[in-house]
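Biologist: Hi! Could you walk me through this one, starting with a sheet?

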Amino acid sequence: MVFRRRDQRCCFLVAFVSMVIVLSFTVGSQYLEPHLGDISLPGINVPGWLRPDRPGPISDEFFDEEYIQEPNTKTSTAPKTSSTGTIRPAILGPNDVGVETTIPEGAYTQGFTVMDNLYMRDGTFFVLTSDASKFPSRPDMIARPVTKEEGVDLAPTDQDLQFLEPSTEALGGRAIRITGLSVIVYDPPSTMNNFYSWWGEIVLGAWRVYSKIGQEVNNSTASSLSLPSRFILPVVSKGAWRDDARITGPLMSAGFPHASVEESDYWQDFAKLNSTVIFERVILVSREAASRHPSTTQWGKMITGTMQLAVPDGFWGPIRTMVVRNVLGYLPLLNEAGVVVGPPEAGLSTKPVVTYISRQESERRLEEKDHHGLIDALRALEQEGICEVHVLAMEHASLVEQINLAARSTILLGVHGNQLTHQLWMPPSPMSTVLEIVWPKAYVFDHEIISRNMGHKHYAVWNDSLVDPKGSYYEGIMYGDEFNSNAIPVYGPEVAELIKLRLSS
């Protein structure tokens, strides 16, 4: 009898568990909550593998707001479902050929043209407009992308850009749409393959013109502008846009980490499709077209025309912040006295930072005794408690060291050269100053024009004299026979006196 009763209890128990399992497979899960693991059965230990945990909400720690992409309601539609229930790919934006090309909010100067809905087919740009008079002339927008040499005609042709009526059938009825902002630099590599040309002219000029869009009456910053999605170089290949010092490329990855740099193969792939491409928004850049601005004769710089455009104060701030943060992992903070007050990893200071960039291992450099005399004068300022002095030789400094010093500096000085382009990362303030040492009586606008964009005060140093435009433009460019001399003179005490004056103002 005892064994028979036990058998009965076991049979009952097995039957009960079997019934629950059968129900779990035949009834919807919404009718079986809690799960089997939550059922209380006296005397039975349910194994862990038989007790699936109820799925809960995903923790917020798994979401990174920086990488959550909201749908672009202006350029995308929800996926379409066919009658059979199959999901079809979304069509991005209005892909119909015929939408007119426009220049948003007058964002244009010679050689830098912002356009919405710019078309391209077989490697040729097309502006669709019912009124071509609303656009600049073709030579003011673009030129043939070939090296400028004697006897070479750079005037644009129909192979480069054409104006068409919106009703045209030449482009077909549909197109491939490229969303986001594309910066198209329609120039040969020789015009862009150094640090100054790329960052101090192409990127700075394009961003200044682009910053005209959405400018408010209160002169707000340009921080709300979307960053470029790509830079396109139609006639450049094999990385020929990069500088010899290999600074330009890494800084592009820091400043525009989500943007690609596309070369001629990218452009040719689209041309070979024999299809029309619509660029949602473009900044079209052409150095030769930029040279047509009336003031270029005086300044001689690609971004001359951009200086005539009113843009928000601090328009460069978002780019400077992005580059410095991504290179260093932090942004040095300076107070009104130019003292680095944080964060700790930036290297705190008790006085403003002065950085002298030495070129003594380059062709264009100071007279050796004057180089040492300048350092002695700067060290005397440091001993006096006026500033913290750093002497930096670029060829022996890592990119991180270069950006760190520039981002901590209130005064940057050195012989004319690409290295002074690092003033792009120097925080602007009433005391921020760039001292550009050149052969006496020589003058070029390369770094003065950047200083004006950044909000730094610029001086040219002629040995023991200082050239201060005092708010106006210095008249004319002068190189002279000794511009690239390896014995440029400079009187250190005069430079030190100016630094002392600037830091006490």
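Modeller: Sure! There is an open sheet of six strands with mixed pairing, in the order S14-S13-S15-S16-S17-S18. Strands here are DSSP runs of E with at least two residues, helices are runs of H or I with at least four, and both are numbered from the N terminus. Two strands pair if DSSP finds at least two bridges between them.

Biologist: Which are the edge strands?

Modeller: Strand S14 (388-393) and strand S18 (465-467), each of which pairs on one side only. From one strand to the next, the twist averages 20 degrees. Axes are lines fitted to C-alpha atoms, for helices over the stretch in contact, and angles run from 0 to 180 degrees between N-to-C directions.

Biologist: What packs on the sheet?

Modeller: Helix H12 (residues 492-504) does, touching strand S13 (353-358), S15, S16, S17 and S18. The direction of H12 makes about 160 degrees with that of S15. Contact means heavy atoms within 4.5 Å.

Biologist: Before I go on, where does the model come from?

Modeller: This is a predicted model: local features need pLDDT of at least 70, side-chain atom pairs count only at pLDDT 80 or more, and totals for chains, interfaces and linings use all residues. Residues are numbered from 1 along each chain as its sequence is written, and side-chain values use heavy atoms, leaving out hydrogens and water.

Biologist: Thanks! Where does Gln423 lie?

Modeller: In the loop between strand S15 (409-415) and strand S16 (433-437).

Biologist: And why does Gln423 count as buried?

Modeller: Because its relative accessibility is 0%. Buried means under 20% relative accessible area, exposed over 50%, and partly exposed in between, with a 1.4 Å probe and protein chains only. Leaving aside residues up to four places away in sequence, Gln423 touches Leu412, Val434, His447, Ile450, Ser451, Met454 and His456.

Biologist: Switching topic: how many residues of strand S5 are buried?

Modeller: Five of the five in S5 (residues 124-128). Thr124, Phe126 and Leu128 point one way, while Phe125 and Val127 point the other way.

Biologist: Which residue stands opposite Phe125?

Modeller: Met120 does. Strand S4 (residues 112-121) and S5 run antiparallel, joined by three bridges. They form a hairpin with two residues between them, and Asp122 in the turn has a positive phi of about 55 degrees.

Biologist: What about S5 and strand S6, parallel or antiparallel?

Modeller: Parallel, over four bridges, with S6 spanning residues 161-164. Leu128 stands opposite Leu164 in S6.
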